[in-house]
2 protein chains.
Amino acid sequence: MAAAAAARHRTLDFLLGATADCNAVLKGLQPIFQQQRMTETIHSWEDHGYLATYTNKNGSFATLRIYPHGLVSVDLQSYNDDMKGRDKIDHILNKIEERMKELFQGSIRRVKRLPAIVRGDAIDRYWPTADGRLVEYDIDEVVYDEDSSFQNIKILHSKQFGNILILSGDVKSDLAYTKAIMGSGKEDYTGKEVLILGGGDGGILYEIVKLKPKMVTMVEIDQLVIDGCRKYMRKTCGDVLDNLKGECYQVLIEDCIPVLKRYAKEGRKFDYVINDLTAVPISTSPEEDSTWEFLHLILDLSMKVLKQDGKYFTQGNCINLTEALTLYEEQLGKLYCPVEFSKEVVCVPSYMELWVFYTVWKKRTEI
Amino acid sequence: MAAAAAARHRTLDFLLGATADCNAVLKGLQPIFQQQRMTETIHSWEDHGYLATYTNKNGSFATLRIYPHGLVSVDLQSYNDDMKGRDKIDHILNKIEERMKELFQGSIRRVKRLPAIVRGDAIDRYWPTADGRLVEYDIDEVVYDEDSSFQNIKILHSKQFGNILILSGDVKSDLAYTKAIMGSGKEDYTGKEVLILGGGDGGILYEIVKLKPKMVTMVEIDQLVIDGCRKYMRKTCGDVLDNLKGECYQVLIEDCIPVLKRYAKEGRKFDYVINDLTAVPISTSPEEDSTWEFLHLILDLSMKVLKQDGKYFTQGNCINLTEALTLYEEQLGKLYCPVEFSKEVVCVPSYMELWVFYTVWKKRTEI
């Protein structure tokens, strides 16, 4: 296997207060790249300004794109830099910034230099939010990385958050999440029958078992999630995954749909059903997306195994995905039995966005 | 002034499981760019692989960098895209991904496509964390943008968080922050004398005034911060900034150093001093950095105006900046009087990182 091959990509943008004299910018900045003995190639458009490309003997390269409407963007990519190499690049970017400020004397609306984007590193630090924003995590170690037949399972170490679980690119597991999906501390689980759908990191199970329930059944499809979390997420799951059976709980490694169907047929009922499977699908065409169908099926079956005064807890999605959340709420009106619901917005620190949680219950029939 | 000129920069990276046959990658991907009628320029290194640059008539361009160690990175920058243009770019990236998967048949360790980086937009969404990570906020409006003689003051609207205050690039103001710097709800402010250093958004003042203190004095240097927040941060400051004097508070628009010196000389004492000025400096050479000197001076003066059983509250910094925090704690050992301290880690949602807060008090002398 190749050694970790990481490139550092720097960007520096100038938003000008007026249209740019492309030629003046090019002429002004050229000497900086020439000083680095970089080889220049220039492409010019009739109406679209310039692209200058600079290559360095050591394999690094830069692009300078001058848009006539008043945007100048510089990219600088280098490979396997040491600290000295990084300082050198900062030095070049500083020079460019100084030169641009000389050229435009106070008429630059914004200078923006982003933190280096690290590309192709062994440790991937970029895990976008559910609403598609670019977020860099403080990951410093890959603890576990396995492909199961269902998903990619990663456990990564975050400096702030400790080990975090990432399933097919989505960050999971955070005590704030677990508490919210359990009803934010307002429920009495003592002596109750609880069904957890998913929940492979063991967090919900661990927290509920502490509360002396009668029986908790957790149905998780993916043995490899449990294996990874038992070993590396012990702050989340404690010792609860060491055995698949405890005094007041059992873990079934199964697809939850047939289990729910079986329970429904047997007439088994739970005080709480906690759906920890997936967030509300982002796709906003339920008719075309089978995940919505899946979600509807789970909801319907869950209602069938829920006691008349039971509660169903589930995550929604990021608060910004208003359309998807509205669609979800519409789905709640289409179940086999009438339900009511409430929602709560919670900050889940490791998600880097505010998250919506739902409580659903069967509508009380008037007597 | 030029219209907002935004470029969208897409990246797509392939981390290979082995060294790359650079020529095969180039030959494999060329047809995709040629189909777009893009003009190609190739630079090859003896030991460092290829850089291919592609320019399109419409002003967009792509770079394809093939590193022999096993990294292939594609950049695609386009200007003022409509949705159709974006779909087209996604289509090109999909093609590249498909082709790479054909070429390498399961030996690709990672395919990474980041959300588009928007460059030079009128609304800047990128506000890195204190520990230097790249974070994109859900900003959709610039509400206020002024340069005072002290700093740049921005109030931006976040879809999740509402209006947020950004002073010289640092995100400020969040109810979680305000509560933490007030002692996390464990203090009784009734009938107390309170001094707030900074606090221009009015958040701390507003929350304390609700608690029936005897007198709160807030010393903020920057009138423009107060002006902006009074108008656009009313969820934070309520009506407390409408007048600089209220029944139990006053706001001084002054540099806090001379005010502290005056109070110290007069022998004025407070039950609480809340330092909302700045975070602990990130620089780790206190001897070379005047912000450390400033911080030390503020601390010393604050202790002088603090009652014997009073408390001093302040923010530290991001939990990841352990060195800076350690240095700060060392500073606490160098004040004119012996002090003790405790610290607390709090999730401040809009910071996107965990934040450390300090409580400092004068050491009780044994009798």
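**Exercise 1. Decide whether Arg133(B) is buried or exposed, and describe its surroundings.**

Solution.
Step 1. The relative accessibility of Arg133(B) is 1%. Buried means under 20% relative accessible area, so Arg133(B) counts as buried. The model is a predicted one.

Step 2. Locate the residue in the chain. Arg133(B) lies in the loop between strand 7 and strand 8 (139–147) of chain B.

Step 3. List the contacts, leaving aside neighbours within four places in sequence. From chain A, Arg133(B) touches Pro115(A), Arg125(A), Glu136(A), Tyr137(A), Asp138(A), Gln160(A) and Met352(A). From chain B, the contacts are Pro128(B), Met352(B) and Glu353(B).

Step 4. Look for a polar partner of the side chain. The side chain of Asp131(B) is in polar contact with that of Arg133(B), at 3.1 Å.

**Exercise 2. State how many residues of each chain are in contact across the interface, and how much area is buried there.**

Solution.
Step 1. Count the residues: 70 of chain B are in contact with 70 of chain A.

Step 2. Take the area. The size of an interface is often given as the accessible area lost when the parts come together. Here chain B and chain A bury about 5800 Å² between them, and 59% of it is on carbon and sulfur atoms.

Step 3. Find the main contributors in chain B. Arg119(B), Leu134(B) and Gln160(B) lose the most area to chain A, together 12% of what that side buries.

**Exercise 3. Describe the polar links between chain B and chain A, and the make-up of the side of chain B that touches chain A.**

Solution.
Step 1. Between the two chains there are eight salt bridges. One salt bridge joins the side chains of Asp13(B) and Arg119(A), with 2.8 Å from N to O.

Step 2. With both residues at pLDDT 80 or more, 35 residue pairs are in polar contact between chain B and chain A.

Step 3. Assign the contacting side of chain B to elements. Those that give two or more residues include strand 1 (7–16), strand 5 (71–79) and strand 18 (353–362) of chain B.

Step 4. Sort that side by class: 32 nonpolar, 21 polar and 17 charged residues.

**Exercise 4. Work out how chain B and chain A are related.**

Solution.
Step 1. Chain B superposes on chain A by a rotation of 180° with 0.1 Å of shift along its axis, at an RMSD of 0.1 Å.

Step 2. The two copies are thus related as by a two-fold rotation axis.

Step 3. In chain B, Val135(B) has the C-alpha nearest the axis, 2.3 Å from it.

Step 4. Compare the surfaces. Because 100% of the interface residues of chain B are also interface residues in chain A, the copies meet through the same surface.

Terms used
Residues are numbered from 1 along each chain as its sequence is written. Chains are lettered from A and ligands numbered from 1 in the order in which they are written. Side-chain values use heavy atoms; hydrogens and water are left out. Contact means heavy atoms within 4.5 Å. Buried area is the accessible area (1.4 Å probe) that two parts lose on being put together, summed over both. A salt bridge is a side-chain nitrogen of Lys or Arg within 4 Å of a carboxyl oxygen of Asp or Glu. A polar contact is a pair of N or O atoms within 3.5 Å; within protein, one must be able to donate a hydrogen and the other to accept it, and residues adjacent in sequence count only if both atoms are side-chain atoms. Helices (H or I, at least four residues) and strands (E, at least two) are DSSP runs, numbered from the N terminus. Ala, Val, Leu, Ile, Met, Phe, Trp, Tyr, Cys and Pro count as nonpolar, Asp, Glu, Lys and Arg as charged, and the others, Gly among them, as polar. Copies are superposed by least squares on the C-alpha atoms of residues with pLDDT of at least 70 in both. Buried means under 20% relative accessible area, exposed over 50%, partly exposed in between (1.4 Å probe, protein chains only).
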